[in-house]
Amino acid sequence: MLEKFEFRTIRISEAKQAADIEQICFPPNEACSEKHMTDRVEAASDLFLVAVDKENGKIAGFLNGIATNECAFRDEFFTDASLHQPDGNNVMLLGLDVLPEYRKQGLAHEIVFQYSRRESDKGRKMLILTCLENKVTFYEKMGFTDRGLSGSTWGNEEWHEMTYNL
């Protein structure tokens with residue numbers, strides 16, 4: 001994986017590319033808008049981890065979040081980058097995106113692994129995300145624990161809240 005991809009923090013100039021990838025990876029009611037993605041990159045670029053294909057320079061996938069001391073996910077994290085607390089103990093994961101042509105190769109797992117290791121090294125305590133029921137097993141295989149249904153109703157969906165202790 002490390003031979004094929006460079007794992008690094010996103011660049012401000014890549015915010016639109018990240019938003020375009022988000023539109024491919026999520027349905028319209030769930031995808032982050034270009035404005036909100038740009039706000040996230042500007043507020044918390046250090047909480048983005050992109051996997052760049054070394055062969056063509058294209059972002060193949062990424063994981064992003066914002067730091068907080070809160071312990072429960074709420075919908076405002078998706079739309080209000082000002083909630084980012086740089087010294088927060090926890091990271092609310094806002095999206096794991098992998099382009100279709102890079103799926104089923106272990107890239108999502110590698111991004112989460114690299115991200116969790118990096119945030120643990122920074123002293124963070126927990127990663128928290130929400131996912132649809134059909135993705136619970138996917139995240140459990142990466143070490144996340146299902147807390148059950150979340151209070152989040154983002155995109156008019158029913159979400160599971162999952163945590164990963166660092």
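A strand here is a DSSP run of E with at least two residues, and strands are numbered from the N terminus. With that in hand, welcome to a short tour of this predicted model. Strand 4 is a good place to begin.

## Strand 4 and the pocket

Which element gives the largest share of the lining of the largest pocket? Strand 4 does, with 6 residues. The pocket itself has a volume of about 720 Å³. Its lining counts 33 residues, and those closest to the centre are Phe 26, Leu 96, Lys 135, Phe 138 and Tyr 139. Besides strand 4, the elements that give two or more residues to this lining are helix 1, helix 4 (107-121), strand 5 (126-131) and helix 5 (136-140).

Two residues of strand 4 deserve a closer look. Leu 93 sits in this strand, and so does Val 98. Leu 93 is buried at a relative accessible area of 6%. Leaving aside neighbours within four places in sequence, Leu 93 touches Leu 63, Asn 64, Gly 65, Phe 73, Tyr 115, Leu 127, Ile 128, Leu 129 and Phe 144. Val 52, 41 residues away along the chain, has its C-alpha atom 19 Å from that of Leu 93.

Val 98 is buried as well, with a relative accessible area of 8%. Its contacts, again without neighbours within four places in sequence, are Cys 25, Ala 60, Gly 61, Arg 103, Leu 107, Ala 108 and Ile 111. The C-alpha atoms of Val 98 and Arg 74 are separated by 23 Å, with their positions 24 residues apart along the chain.

## The nonpolar core

In soluble globular proteins, nonpolar side chains tend to be buried together. In this model, the largest nonpolar core has 52 residues. Which of them have the most contacts inside the core? They are Leu 107, Ile 111 and Phe 144. Leu 107 and Ile 111 have already appeared here as contacts of Val 98, and Phe 144 as a contact of Leu 93. Beyond its neighbours within four places in sequence, Phe 144 is in contact with Leu 93, Val 112, Leu 127, Leu 129, Tyr 139, Met 162, Thr 163 and Tyr 164.

## Two helices, each with a buried face

Helix 1 covers residues 15-25, and its buried residues are Ala 15, Ala 18, Ala 19, Ile 21, Glu 22 and Cys 25. Viewed down the helix axis, they fall within an arc of 160°, so they line one face of helix 1. The cover over these residues includes helix 2 (34-44), strand 3 (59-68) and strand 4 (90-98).

Helix 2 has Met 37, Arg 40, Val 41 and Ala 44 buried. Seen down the axis of helix 2, these residues lie within an arc of 105°, so they too line one face. Lys 35 and Glu 42 are exposed on the other side of helix 2. The buried residues of helix 2 pack against helix 1, strand 2 (48-53), strand 3, helix 3 (76-79) and strand 4.

## Cysteines without partners

How many disulfides does the structure hold? There are 0. The sulfur of Cys 25 is too far from any other cysteine sulfur for a bond, because the closest, in Cys 32, is 12 Å away. Cys 71 is in no disulfide either, and the nearest cysteine sulfur, that of Cys 131, is 18 Å away. As for their surroundings, Cys 25 is buried, with a relative accessible area of 17%, while Cys 71 counts as partly exposed at 45%.

## Positive phi in two loops

Two residues other than glycine call for a look at the backbone. Phi of Lys 104 is near 60°, a positive value, and phi of Asn 156 is likewise positive, near 60°. Lys 104 belongs to the loop between strand 4 and helix 4. Asn 156 lies in the loop between strand 6 (145-149) and strand 7 (160-165).

The table sets out the relative accessible areas of these two loop residues.

| Residue | Relative accessible area | Class |
|---|---|---|
| Lys 104 | 87% | exposed |
| Asn 156 | 76% | exposed |

Key. Residues are numbered from 1 along each chain as its sequence is written. This is a predicted model: local features need pLDDT of at least 70, side-chain atom pairs count only at pLDDT 80 or more; totals for chains, interfaces and linings use all residues. Side-chain values use heavy atoms; hydrogens and water are left out. Buried means under 20% relative accessible area, exposed over 50%, partly exposed in between (1.4 Å probe, protein chains only). Helices (H or I, at least four residues) and strands (E, at least two) are DSSP runs, numbered from the N terminus. The arc is that of the directions from the helix axis to the C-beta atoms. Contact means heavy atoms within 4.5 Å. A nonpolar core is a set of buried Ala, Val, Leu, Ile, Met, Phe, Trp, Tyr and Cys residues joined through side-chain atoms within 4.5 Å. A disulfide is a pair of cysteine sulfur atoms within 2.5 Å. On a 1 Å grid over the protein atoms alone, a cavity is a set of points where a 1.4 Å probe fits but cannot get out, and a pocket is an open set with protein on both sides within 12 Å along at least five of seven lines; lining residues have an atom within 4 Å of a point. Grid points are joined across faces, edges and corners, and a volume is the space filled by probe spheres set on the points.
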